[in-house]
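Student: I have a new model on my bench screen. Please pick one part of it for a close look, and walk me through it step by step.

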Amino acid sequence: VKQAKASGRPEVYEPKEASLARRRFSIETELRRALETDQLSMSYQPLVNLKTGEVSGFEALARWQHPDRGEISPTEFIPVAEESGLILHLGRWAMDKATMTLAGWDAEAGQKLPVNVAVNLSAIQVARDDITAMVGGALRNSGLTGDRLMLELTESAIVQDPRRATRVFDALKALEARVAMDDFGTGYSSLAYLQRLPIDVLKIDRSFVSGMMIDPDSVAIVRAVLSLAEALGMSTTAEGVESRELATTLAALGCVSGQGFFFAKPLTEDDALPFWRSRLRSNRQAA
Ligand code: C2E
Ligand code: MG
Ligand code: MG
Ligand code: MG
């Protein structure tokens, strides 16, 4: 629907489509090369407990600094990776990178940090038989226990083959990993899956969160998701918390944690541990 709207100008329709197709094709070729030459990096966005202000985890978000084109957004290269199959390679890289990085922070801090790392999994990865072996391998290589890992899946990972999703989720749970439903409320899954699948966290999509200050309907939806999560014994994270006001309102509504530019943008590997420490200090001072 979005695309039809965007290309609703007849005179530019064809050239625009053609140049988009060209860009898509070169992105694919160059992404393959980027993966081979280690051009991707990982950033880490803090998840903050809305009651205590402490950092409870970091979401690993892939970054691509292209030598000529500059930074390319994952909203552009992840779909290309999914269509081309490169997502399997990228997904393995992301899992290895995120788990090794968290293990490195533990080593640097000299303790098992009370934080986890969240890794996004594409529906295409979930549809593969080797997904559990891939996750288990990353845990073994990094030496992390499974409870340090949060796997973020979208509703699309369930809808295509719910029975398969049930098996995969159960296998991931057997590794002690936790599962979050990402962008919750934007997909097409049925509420029955929430009941049937071992989901630990609902991540309320940014579109509802950012609407809260101007749109009473968004507040109603966020409230409904929070009470649904509570009734089903799940935790909650609000995406896109961009202001103090939103953080306070969400906390008052009972949302457990928040993620967004108000707390921090995605950080480099080196800035993450200092950020975790600074939140501990500011809490102690506030108390
Ligand atoms: P996501 O998993 O829903 O990640 C959250 C996105 O929201 C990130 O965008 C993050 O930078 C952005 N964000 C966080 N807080 C705020 C805020 O306060 N305001 C606004 N406007 N945005 C905020 P990013 O990094 O561009 O990633 C986009 C999407 O790309 C991710 O959405 C995820 O679906 C996908 N992605 C990123 N890295 C990976 C990866 O390693 N594997 C897979 N499969 N997908 C990935
Ligand atoms: Mg995510
Ligand atoms: Mg999300
Ligand atoms: Mg999102």
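Tutor: One yardstick first. A residue is buried when its relative accessible area is under 20%, exposed when that area is over 50%, and partly exposed in between. Keep in mind that this is a predicted model.

Try the yardstick on Thr145. Its relative accessible area is 39%, so Thr145 counts as partly exposed. Thr145 belongs to the loop that runs between α6 (131-142) and β5. Its side chain makes a polar contact of 2.5 Å with the side chain of Asp147. Setting aside neighbours within four places in sequence, Thr145 touches Lys112 and Leu139. Ser122 is 23 residues from Thr145 along the chain, and their C-alpha atoms are separated by 22 Å.

Now for the part to look at closely: the magnesium ions. Take ligand 2. Which protein atoms coordinate the magnesium ion (ligand 2)? The donors are Glu59 (OE), Asn120 (OD1), Glu152 (OE) and Asp182 (OD), at 2.0 to 2.2 Å. Along the chain, these donor residues follow the spacing E-x60-N-x31-E-x29-D. Distant parts of the chain are linked here: Glu59 sits in strand β2 (residues 55-66), while Glu152 sits in strand β5 (residues 149-153), 93 residues apart.

Next, ligand 3. The magnesium ion (ligand 3) has Asp182 (OD), Asp183 (OD) and Glu239 (OE) as its protein donors, at 1.8 to 2.3 Å. Their sequence spacing reads D-D-x55-E.

How far apart are the magnesium ion (ligand 2) and the magnesium ion (ligand 3), and which residue coordinates both? The gap is 3.7 Å. Asp182 is the residue that coordinates both ions.

Are these donors buried or exposed? Glu59 is buried, because its relative accessibility of 6% is under 20%. Glu152 is buried too, with a relative accessible area of 2%. Asp182, the bridging residue, is buried at 6%. Asp183 is partly exposed: its relative accessible area is 25%, so it falls between the two cut-offs.

Stay with Asp183. It lies in strand β6 (residues 178-184). Its phi is near 50°, a positive value in a residue other than glycine. Most residues other than glycine have a negative phi. A second case is Asp38, which is not glycine either and has a positive phi near 60°. Asp38 is in the loop between α2 and β1 (40-49). With 57% relative accessibility, over the 50% cut-off, Asp38 counts as exposed.

Now bring in ligand 1. There are 22 residues around ligand 1, and Arg63, Asn120, Asp182, Glu242 and Phe261 come nearest. Two of those names are familiar: Asn120 and Asp182 are also donors of the magnesium ion (ligand 2). Polar side-chain atoms meet oxygen atoms of ligand 1 as well. Arg63 places a side-chain N or O atom 2.9 Å from an oxygen of ligand 1. For Asp183, the matching distance is 3.1 Å. Glu239 has a polar side-chain atom 3.4 Å from an oxygen of ligand 1. Asp183 and Glu239 are also donors of the magnesium ion (ligand 3).

To finish, here are some helices for context. In helix α3 (residues 74-84), Phe77, Val80 and Ala81 are buried. They span an arc of only 100° around the axis, so they lie on the same side of α3. Residues three or four places apart in an α-helix point the same way, because there are 3.6 residues a turn. On the other side of α3, Thr75 and Glu83 are exposed. Gly85, just after α3, takes a positive phi of about 85°.

Val80 also meets α2. Glu28, in helix α2 (residues 10-36), is in contact with Val80, Ser84 and Leu86, leaving aside neighbours within four places in sequence. Glu28 is buried, because its relative accessible area of 17% is under 20%.

Then comes helix α4 (residues 87-109). At 1.5 Å a residue, its 23 residues should span 33 Å, and the end C-alpha atoms are 32 Å apart, which agrees. Gly110 follows α4, with a positive phi near 70°.

Technical notes: Residues numbered from 1 in each chain as written. Chains lettered and ligands numbered in written order. Predicted model: local features only at pLDDT ≥ 70, side-chain atom pairs only at ≥ 80, totals over all residues. Heavy atoms only, no water. Donors = N, O, S within 2.8 Å, 3.2 Å for Na, K, Ca; no water. Buried < 20%, exposed > 50% of the residue type's maximum accessible area, 1.4 Å probe, protein only. Helix = DSSP H or I, 4+ residues; strand = E, 2+ residues; numbered from the N terminus. Arc of directions from axis to C-beta. Expected span 1.5 Å × (residues − 1). Contact = heavy atoms within 4.5 Å. Near = heavy atom within 4 Å. Polar contact = N/O pair within 3.5 Å; in protein donor to acceptor, adjacent residues only side chain to side chain.
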